[in-house]
Amino acid sequence: MSERIVIKEGLSLDADELQERFIRSSGPGGQNVNKVSTAVELRFDVRNSPSLPAYIKANLRRQAAHLMTQEGELVMQVQTHRTQARNREEAIERLVALIEKAAYRPKRRIATKPTKASKQRRMDSKTKRGTIKKLRSSKSYD
């Protein structure tokens with residue numbers, strides 16, 4: 001049995017669903033950057049993943065559209081560290097964070113009515129405020 005990547009309680013990915021490819025990093029790094037392929041390109045087929053429910057797939061397509069291909073594959077490149085292992089770990093951490101964010105379901109708001117006491121307090125404050133404004137007027141009654 002292959003390794004599982006735990007996203008949260010009750011949700012995990014099979015490690016076989018991820019494809020990794022190590023490529024050369026760009027930017028500064030001296031001689032090492034030209035010799036060693038330390039950057040990782042992580043690919044995850046969101047559309048055909050059996051591990052994710054439909055609502056998470058839909059949220060991922062919406063939230064991470066800039067990382068998705070037309071075929072529904074999420075492509076992520078990480079080159080922030082000098083070692084393959086650390087770049088690989090960070091790529092998986094980023095993927096887990098994306099899926100956690102997509103898995104969040106906001107609580108459904110239940111509409112409630114104001115209580116009789118709160119309605120009365122509101123009306124009392126409006127009456128009081130109106131009285132104060134009326135007293136401010138410069139009309140004189142002779």
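Begin with the open sheet of this predicted model: select strands S3, S4 and S5, which lie in that order and pair in an antiparallel manner. Strand S3 (18-23) and strand S5 (73-78) form the edges, each of them pairing on one side only. Direction ignored, neighbouring strands of this sheet are turned against each other by 20 degrees on average.

Next, restrict the selection to strand S4 (residues 39-45) and S5. These two strands run antiparallel and are joined by six bridges. To locate one position along the pair, display Asp 45, which stands opposite Glu 73 in S5. Now add helix H3 to the view: H3 packs on the sheet and touches S3, S4 and S5. The direction of H3 makes about 140 degrees with that of S5.

Keep H3 (residues 84-103) displayed and select helix H2 (residues 54-63) as well. Two packed helices are described by the angle between their axes and the distance between the axes. Here, H2 and H3 pack at an angle of about 115 degrees, and their axes are 8 Å apart. The two helices are therefore roughly perpendicular to each other. In passing H3, H2 makes a right-handed crossing.

Which residues of H2 and H3 meet? On the H2 side, show Tyr 55, Ile 56, Asn 59, Leu 60 and Gln 63; on the H3 side, show Leu 98, Ile 99, Lys 101, Ala 102 and Ala 103. By class, the residues of this contact between H2 and H3 comprise seven nonpolar, two polar and one charged.

Move then to strand S1 (residues 4-8) and strand S2 (residues 11-14), an antiparallel pair joined by four bridges. Within this pair, select Ile 5, whose bridge partner in S2 is Leu 13. S1 and S2 form a hairpin with two residues between them. Centre the view on Gly 10 in the turn, which has a positive phi of about 85 degrees.

Finally, colour the protein chain by pLDDT. The average is 87, and 94% of the residues score at least 70. Confidence is highest in helix H4 (residues 116-136), with a mean of 95, and lowest in helix H1 (residues 31-35), with a mean of 73. Where pLDDT is low, the predicted coordinates should not be read in detail.

Technical notes:
Residues numbered from 1 in each chain as written. Predicted model: local features only at pLDDT ≥ 70, side-chain atom pairs only at ≥ 80, totals over all residues. Heavy atoms only, no water. Axes fitted to C-alpha atoms, helices over the stretch in contact; angles between N-to-C directions. Parallel < 35°, antiparallel > 145°, perpendicular 65-115°, else oblique. Left-handed = near helix turned anticlockwise from the far one by under 90°. Contact = heavy atoms within 4.5 Å. Nonpolar A, V, L, I, M, F, W, Y, C, P; charged D, E, K, R; others polar. pLDDT = per-residue confidence, 0-100. Pairing = 2+ DSSP bridges.
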